[in-house]
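Let's take a walk through a protein fold together. Have a look at the structure below, and then we'll go through it piece by piece.

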Amino acid sequence: SPKGPYNVLTKLIVVPSSHVMRRVLAFLEGSQSDKGPLRPHLAPGRFVSLQIRAFNVNAFGQMAEAFDKCFKALQGANVVEPFFIASLHQPARDYYSSRYGGDAVSLTPPGHEQGTGKDFRLDLDALADMFVMSLSKVLLVSPGSTFGGFVAAFADHNPIRVDYHRSADGSSLPLEEASSIVLPPMCRRALSQQPCFGSWFRYDKLWHRKGELSC
């Protein structure tokens, strides 16, 4: 199917620096770093990524639980494999580390700050997060997050939006057509890779298209 302008322009304009690519390669190879222990190996195209962005910090607990339900549905009866988590929120990384131990992999070592717009180093770390996530087989993203929208466009596959507002009593849907994996009601495959606030659609039209966008 024809690609949208956002997908095409993203790959033409966004070119990672050598520093970012070295960070990504070292991380994927599970190499020893000066900031933490040896990391599990994540094979490109074979791991799940979680991008958790809480716009309302008071709802963080509900959001973490919703992401966990979606993640468990993807794992099915299989043994949990190492997965990647990117989040500005240390509690999010702690939440998954306490439940999955070393299988919950983050580029940012425990206890280290993560964020953007505060420090050049942190901005580079955020870019490295984006490129690691773009190599995953399935993306679980927060609705309304431009960060998640960028990753989806660069990865060139539609993300799964995790909406903790959606009732757990709603209807469940298969991950893909004829798939044996059934997703809980709060997990929905986005119909578009266009990000919520990076879209060229007029803002007053976004609300009517929120089911298609990552909003």
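## Starting at V48

Not counting neighbours up to four places away in sequence, V48 touches F71, L74, Q75, F83, F84, S136, K137, V138 and L140. Where does V48 sit? It belongs to strand β1. With a relative accessible area of 4%, V48 is buried, because anything under 20% gets that label.

One of those contacts is a nice example of folding bringing distant parts of a chain together. V48 and K137 are 89 residues apart in sequence, yet their C-alpha atoms are 5.9 Å apart in space.

## The whole protein

Now let's step back. Keep in mind that what you are looking at is a predicted model. Its secondary structure comes to seven helices and eight strands. The protein has 215 residues, and 47% of them count as buried.

The V48 and K137 pair also has a bigger setting. Take the contacts between residues at least 6 apart in sequence: 59% of them join residues at least 24 apart.

## Two nonpolar cores

Which residues touch the most other members of the largest nonpolar core? That core has 29 residues, and the answer is V48, L50, I52, F67, F83, Y96 and L140. So V48, our starting point, is in that group. Several elements each supply at least two residues to this core: β1 (48-52), α3 (60-75), β2 (83-87), α4 (90-100), β4 (138-141) and β5 (160-162). Helix α3 gives the most, with nine residues.

F67 is worth clicking on. Leaving out residues up to four places away in sequence, F67 is in contact with L50, Q51, I52, Y96, L140, V141, S142 and V162. Apart from this core lies another, made of 22 residues, and V20, V105, A128 and M130 are among them.

## Helices α3 and α4

Both of these helices feed the largest core, and they also meet each other. The axes of α3 and α4 come within 11 Å and cross at roughly 45°, so the two helices are oblique to each other. Their crossing is right-handed.

Which residues do the touching? On the α3 side they are F60, A64, E65, F67, D68, F71 and K72, and on the α4 side P91, A92, Y95, Y96, R99 and Y100. Sorted by class, this contact has nine nonpolar, no polar and four charged residues. If you look at the spacing in lists like this one, a bit of background helps: an α-helix has 3.6 residues a turn, so residues three or four places apart point the same way.

## Helix α5 and its two partners

Helix α5 (residues 120-133) meets helix α6 (residues 146-155), with axes that come within 9 Å and cross at roughly 45°. That makes α5 oblique to α6. The crossing of α5 past α6 is right-handed. From α5 come A126, D129, M130, F131 and M133, while α6 brings F147, F150, V151 and F154. The tally for this contact is eight nonpolar, no polar and one charged.

The other partner is helix α2 (residues 18-28), whose axis comes within 9 Å of that of α5, crossing at roughly 55°. This pair is therefore oblique too, and α2 passes α5 in a right-handed crossing. Here H19, V20, R23, V24, F27 and L28 of α2 meet L124, D125, L127, A128, F131 and V132 of α5. By class, the contact of α2 with α5 has nine nonpolar, one polar and two charged residues.

## Helix α6 and what follows it

Is α6 mostly covered or mostly uncovered? Mostly covered: seven of its 10 residues are buried. Those residues are G148, G149, F150, V151, A152, A153 and A155. Of these, F150 and V151 also take part in the contact with α5.

Right after α6 comes D156, which lies in the loop between α6 and β5. What stands out about its backbone? D156 has a positive phi of about 65°, although it is not a glycine. For background, most residues other than glycine have a negative phi. As for its surroundings, D156 counts as partly exposed, because its relative accessibility is 30%, and that label covers values between 20% and 50%.

Technical notes:
Residues numbered from 1 in each chain as written. Predicted model: local features only at pLDDT ≥ 70, side-chain atom pairs only at ≥ 80, totals over all residues. Heavy atoms only, no water. Axes fitted to C-alpha atoms, helices over the stretch in contact; angles between N-to-C directions. Helix = DSSP H or I, 4+ residues; strand = E, 2+ residues; numbered from the N terminus. Parallel < 35°, antiparallel > 145°, perpendicular 65-115°, else oblique. Left-handed = near helix turned anticlockwise from the far one by under 90°. Contact = heavy atoms within 4.5 Å. Nonpolar A, V, L, I, M, F, W, Y, C, P; charged D, E, K, R; others polar. Core = buried A, V, L, I, M, F, W, Y, C linked by side-chain atoms within 4.5 Å. Buried < 20%, exposed > 50% of the residue type's maximum accessible area, 1.4 Å probe, protein only.
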